[in-house]
Amino acid sequence: MQTMELTAEQFLVERDEEGKILNPRGKRIERADVADLLITIPAFGRVLVPLIVKPQTAEGLYPLRDGHRRLAAAGFLGGAMSLPALIVEAEGGAGMDFAMMLALNTARQQLKPSQIARGLIRLVEDHQWNEKRAAERSE
């Protein structure tokens, strides 16, 4: 794993027709969704927790695995802010990306058991993981 500083333009992320960042479920991230970050980022002068990215593409961009809200908040704040990024190489496609995001969100915030269960069900149903593999990733 390698850590580096990237500008917002270096991240490969899904956007809507207006250029707003979409979360992994395809929902537009609005200012109200990142109100907490719009306070903490200026207070500390930067994003504190690194965004998780895949290795650089041939186009020179870094596909975002985790950190959509932090990236959107940085965009709302404007300016040429650099963002910490951790490059994580992991095989497994979209299922592994989702499993990583679920694990990081579980560690970062107090998720309800029902939210974790819905995430594990998505791994099984949407990403064709078997129950054993999903359970191992949730520990």
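Which residue forms a salt bridge with Asp 36? I looked it up in the model, which is a predicted one. The partner is Arg 69, and the closest N and O atoms are 2.7 Å apart. This pair links distant parts of the chain. Asp 36 sits in helix H1 and Arg 69 in helix H2, 33 residues apart. I then checked accessibility on both sides. Asp 36 has a relative accessible area of 41%, so I log Asp 36 as partly exposed. Arg 69 comes to 36% and is partly exposed as well.

**Entry: helix H2**

I stayed with H2, which covers residues 68-77. I listed its buried residues: His 68, Arg 70, Leu 71, Ala 72, Ala 73 and Ala 74. Arg 69 falls within that stretch but is partly exposed, because its relative accessibility is 36%. I also looked at what comes after the helix. Gly 78 follows H2, and its phi is positive, near 70°.

**Entry: Arg 28**

Next I turned to Arg 28. I placed Arg 28 in the loop between strand S2 (11-12) and helix H1 (35-44). Is Arg 28 buried or partly exposed? Its relative accessibility is 22%, and buried means under 20%, so Arg 28 counts as partly exposed.

I noted its contacts, leaving aside neighbours within four places in sequence. They are Asp 16, Glu 17, Glu 18, Lys 20, Ile 21, Leu 22 and Asp 33. Two of these I followed to the side-chain atoms. The side chain of Arg 28 makes a polar contact of 2.5 Å with the side chain of Asp 16. A polar contact of 3.2 Å joins the side chains of Arg 28 and Glu 18.

I also took a C-alpha separation. From Arg 28 to Ala 72 the value is 9.7 Å, with their positions 44 residues apart along the chain. Ala 72 is one of the buried residues of H2.

**Entry: salt bridges**

How many salt bridges does the model hold? I count eight. Some of them form a network, and I wrote down its members: Asp 16, Glu 18, Lys 20, Arg 28 and Glu 30.

I then went through some individual pairs. Glu 5 and Arg 46 meet through their side chains, at 2.9 Å from N to O. Glu 5 belongs to strand S1 (residues 2-7), and Arg 46 to the loop between H1 and strand S3 (51-53), so this pair ties together parts 41 residues apart in sequence. Glu 5 is partly exposed, with a relative accessible area of 41%. Arg 46 is partly exposed too, at 32%.

Lys 27 and Asp 33 form another salt bridge, with an N to O distance of 3.7 Å. Lys 27 is partly exposed at 45% relative accessibility. Asp 33 has a relative accessible area of 31% and is partly exposed. I had already met Asp 33 among the contacts of Arg 28.

**Entry: Arg 65**

Last, I checked Arg 65. I found Arg 65 in strand S4, residues 62-66. Is Arg 65 buried or exposed? Its relative accessibility is 5%, so Arg 65 counts as buried. I looked for what its side chain meets. A polar atom of that side chain lies 3.3 Å from the backbone oxygen of Val 88.

Terms used: Residues are numbered from 1 along each chain as its sequence is written. This is a predicted model: local features need pLDDT of at least 70, side-chain atom pairs count only at pLDDT 80 or more; totals for chains, interfaces and linings use all residues. Side-chain values use heavy atoms; hydrogens and water are left out. Helices (H or I, at least four residues) and strands (E, at least two) are DSSP runs, numbered from the N terminus. Buried means under 20% relative accessible area, exposed over 50%, partly exposed in between (1.4 Å probe, protein chains only). Contact means heavy atoms within 4.5 Å. A polar contact is a pair of N or O atoms within 3.5 Å; within protein, one must be able to donate a hydrogen and the other to accept it, and residues adjacent in sequence count only if both atoms are side-chain atoms. A salt bridge is a side-chain nitrogen of Lys or Arg within 4 Å of a carboxyl oxygen of Asp or Glu.
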